Amino acid sequence: MPDSALDAQATRRARVGVMGGTFDPIHNGHLVAASEVQQKFDLDEVIFVPTGQPWMKPKVTDGEHRYLMTVIATAANPRFTVSRVDIDRTGPTYTIDTLRDLRRQRPDADLFFISGADAIAQILEWKDVAELWSLAHFVAVSRPGHDLAISALPEQGVSSLEVPALAISSTDCRNRVSRGFPVWYLVPDGVVQYISKHHLYRSIA
Ligand SMILES: Nc1ncnc2c1ncn2[C@@H]1O[C@H](COP(=O)(O)OP(=O)(O)OP(=O)(O)O)[C@@H](O)[C@H]1O
Ligand SMILES: O=C(O)c1ccc[n+]([C@@H]2O[C@H](COP(=O)([O-])O)[C@@H](O)[C@H]2O)c1
């Protein structure tokens, strides 16, 4: 390799994706979205960050279960990792805190926060939204049933990306389990087995 190419490699800042979610449970829609953004934005790593207490969702499964399902689902991909920053912080989970914590841990990285069309539509209601744009670049991915509208958001701070359409939601997965329907191929195999082993979602609607 020529010296100039080696220099460029040495000075390139790490590019790190952040995929925040409740992951109750993690499903293949999350994984495909993260994989597409990783490839299109040339990310070195995508950190999955299960929420602690998501303030916009009334009742969620214990964080340790959601964390472990996320670890199982991402284990095979060498570029995917999982962070406990939100699970371990007390109080409601805000992305401003997630990004501040990750910035402290990765001061030399550029962060790309990955968000589905439904989540990005609500972003103006998020805590300290004005400061969010300075901590990460936001990537809004398409999601069946949701308009990917980013026109009201700062042009520099947000990109949009069409990803293969997977009409899967965690709500639908939970409902299927509670009614005795399979979730094979909607979630990774290990997550199907984890749900069964720990009797998750048996009685919730
Ligand atoms: N099928 C999908 N395609 C693209 N993005 C998705 C998909 N499902 C979820 N996302 C995005 O992944 C992130 C985390 O989603 P979350 O964990 O809330 O899953 P969910 O399926 O929306 O859950 P629930 O049905 O419980 O609301 C959000 O930004 C969401 O928009
Ligand atoms: O910061 C906020 O106020 C805020 C409000 C709602 C959602 N979020 C984040 O958006 C991501 C997706 O959230 P959810 O609830 O759709 O799983 C997750 O990382 C949340 O912490 C963040």
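Here are some notes on the two ligand shells, one helix pair and a few backbone oddities.

1. Ground rules. This is a predicted model, where local features need pLDDT of at least 70, side-chain atom pairs count only at pLDDT 80 or more, and totals for chains, interfaces and linings use all residues. Residues are numbered from 1 along each chain as its sequence is written, while chains are lettered from A and ligands numbered from 1 in the order in which they are written.

2. Ligand 1. Its shell has 18 residues, with G21, G29, G116, S170 and T171 the closest; a residue is near if its C-beta atom, placed from the backbone, lies within 6 Å of the molecule. At least two residues apiece come from α2 (28–40), β6 (109–116), α6 (117–120) and α8 (170–178), and α2 gives the most, with three. Elements here are DSSP runs numbered from the N terminus: helices are H or I of at least four residues, strands E of at least two. By class I'd note six nonpolar, nine polar and three charged residues, where Ala, Val, Leu, Ile, Met, Phe, Trp, Tyr, Cys and Pro count as nonpolar, Asp, Glu, Lys and Arg as charged, and the others, Gly among them, as polar.

3. Ligand 2. Here 14 residues make the shell, and G20, T22, Y94, T95 and W126 come nearest. Both β1 (14–21) and α5 (95–105) supply at least two residues each. The split is six nonpolar, six polar and two charged.

4. The α3/α9 pair. The axes of α3 (residues 63–74) and α9 (residues 189–197) come within 8 Å and cross at roughly 150 degrees (lines fitted to C-alpha atoms over the stretch in contact, with angles from 0 to 180 degrees between N-to-C directions). So α3 is roughly antiparallel to α9, the word for angles over 145 degrees. L68, M69, I72 and A73 of α3 meet G190, V191 and Y194 of α9, contact being C-beta atoms, placed from the backbone, within 7 Å. That contact has six nonpolar residues, one polar and no charged.

5. A cis peptide. D24 and P25 are joined by a cis bond, with omega about 5 degrees. P25 sits in the loop between β1 and α2.

6. Positive phi. Neither H199 (about 55 degrees) nor Y201 (about 65 degrees) is a glycine, yet phi is positive in H199 and in Y201. H199 lies in the segment after α9, as does Y201. H199 counts as exposed because it has 9 C-beta neighbours inside 10 Å, whereas Y201 is buried, with 21 other C-beta atoms within 10 Å. The cut-offs, using C-beta atoms placed from the backbone, are 20 or more others within 10 Å for buried and 12 or fewer for exposed, with partly exposed in between.

Methods. Parallel < 35°, antiparallel > 145°, perpendicular 65-115°, else oblique. Contact = placed C-beta atoms within 7 Å.
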